[in-house]
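Welcome to this tour. Please open the model in your viewer and keep the selection tool at hand.

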Amino acid sequence: MAPRADPELWRHFVEDDKDAKCRYCGAKIKKAVTSNMWRHLQRFHHSCVVFKKHNIRTSK
């Protein structure tokens, strides 16, 4: 496996073979495309995650 390019993004996903699995809903995202992972968080988990440019953090 390649090193993770964005550790903040990967806090919300688990490696699952060649995919990334969302920790919130279990959806599988192709991890070769991190933009798809960002898009998934923005569309489906915007209430769980605070977005600031490309830096995210979990909201409490």
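A residue counts as exposed when its relative accessible area is over 50%, as buried when that area is under 20%, and as partly exposed in between. Keep those words in mind, as they return at nearly every stop.

**The whole chain**

Start with everything selected and colour by secondary structure. This is a predicted model, and its protein chain has two helices and five strands. Followed along the sequence, they come in the pattern α-β-β-β-α-β-β. Of the 60 residues in the protein chain, 25% are buried. Now take the contacts between residues at least 6 apart in sequence: 27% of these join residues at least 24 apart.

Next, colour by confidence. The mean pLDDT of the protein chain is 78, and 70% of its residues reach 70 or more. Where is confidence lowest, and where is it highest? Strand β5, residues 55-58, has the lowest mean, at 53, while strand β2, residues 19-22, has the highest, at 92.

**Helix α1 and a partner in α2**

Select residues 7-10, which form helix α1, and pick out Leu-9 there. With a relative accessibility of 0%, Leu-9 is buried. Now add Trp-38 to the selection. Leu-9 and Trp-38 are 29 residues apart in sequence, yet their C-alpha atoms lie 7.4 Å apart in space.

**The aromatic pair**

Show the side chains of Trp-10 and Phe-13. A search of the whole structure gives one aromatic pair, and these two residues form it, with ring centres 6.5 Å apart. How do the two rings face each other? Their planes meet at 75°, so the pair is edge-to-face; the angle for that label has to be over 60 degrees. Trp-10 and Phe-13 are both buried.

**Two salt bridges**

How many salt bridges does a search of the whole structure find? There are two.

For one of them, select Glu-8 and Arg-11: their closest N and O atoms are 2.9 Å apart. Arg-11 has a relative accessible area of 43%, so it is partly exposed. Glu-8, at 30%, is partly exposed as well.

For the other, select Asp-16 and Lys-28, where the closest N and O atoms are 3.0 Å apart. Lys-28 belongs to strand β3 (residues 28-30) and Asp-16 to strand β1 (residues 13-16), so this salt bridge ties together parts that are 12 residues apart in sequence. Is Lys-28 buried or exposed? Lys-28 is exposed, because its relative accessibility is 54% and the cut-off is over 50%. Asp-16, at 25%, is partly exposed.

**Two cysteines**

Move on to Cys-22 and Cys-25 and display their sulfur atoms. The structure holds zero disulfides. For Cys-22, the nearest cysteine sulfur is that of Cys-25, 3.8 Å away. Looking back from Cys-25, the nearest is that of Cys-22, again at 3.8 Å. Why do they not count as a disulfide? The two sulfur atoms would have to be within 2.5 Å, so a pair at 3.8 Å does not qualify. Cys-22 is buried at 3% relative accessibility, whereas Cys-25 is partly exposed at 47%.

**Helix α2 and its buried side**

Now select residues 34-44, helix α2, and look down its axis. Which of its residues are buried? Met-37, Trp-38, His-40 and Leu-41 are. They lie on the same side of α2, because they cover an arc of only 160° around the axis. An α-helix has 3.6 residues a turn, so residues three or four places apart point the same way.

**Last stop: His-40**

Stay in helix α2 and centre the view on His-40. This residue has a relative accessible area of 7%, so it is buried. What does His-40 touch, leaving aside residues up to four places away in sequence? Its contacts are Phe-13, Cys-22, Cys-25, Ala-27, Ile-29 and His-45. Several names from earlier stops come back here: Phe-13 is part of the aromatic pair, and Cys-22 and Cys-25 are the cysteines with sulfurs 3.8 Å apart.

Finally, place a distance label between the C-alpha atoms of His-40 and Lys-28. It should read 9.9 Å, for two residues that are 12 apart along the chain.

Definitions and conventions: Residues are numbered from 1 along each chain as its sequence is written. This is a predicted model: local features need pLDDT of at least 70, side-chain atom pairs count only at pLDDT 80 or more; totals for chains, interfaces and linings use all residues. Side-chain values use heavy atoms; hydrogens and water are left out. Buried means under 20% relative accessible area, exposed over 50%, partly exposed in between (1.4 Å probe, protein chains only). Rings of Phe, Tyr and Trp (its six-membered ring) pair if their centres lie within 6.5 Å; planes under 30 degrees apart count as stacked, over 60 as edge-to-face and the rest as tilted. A salt bridge is a side-chain nitrogen of Lys or Arg within 4 Å of a carboxyl oxygen of Asp or Glu. Helices (H or I, at least four residues) and strands (E, at least two) are DSSP runs, numbered from the N terminus. pLDDT is the predictor's confidence in each residue, from 0 to 100. The arc is that of the directions from the helix axis to the C-beta atoms. Contact means heavy atoms within 4.5 Å.
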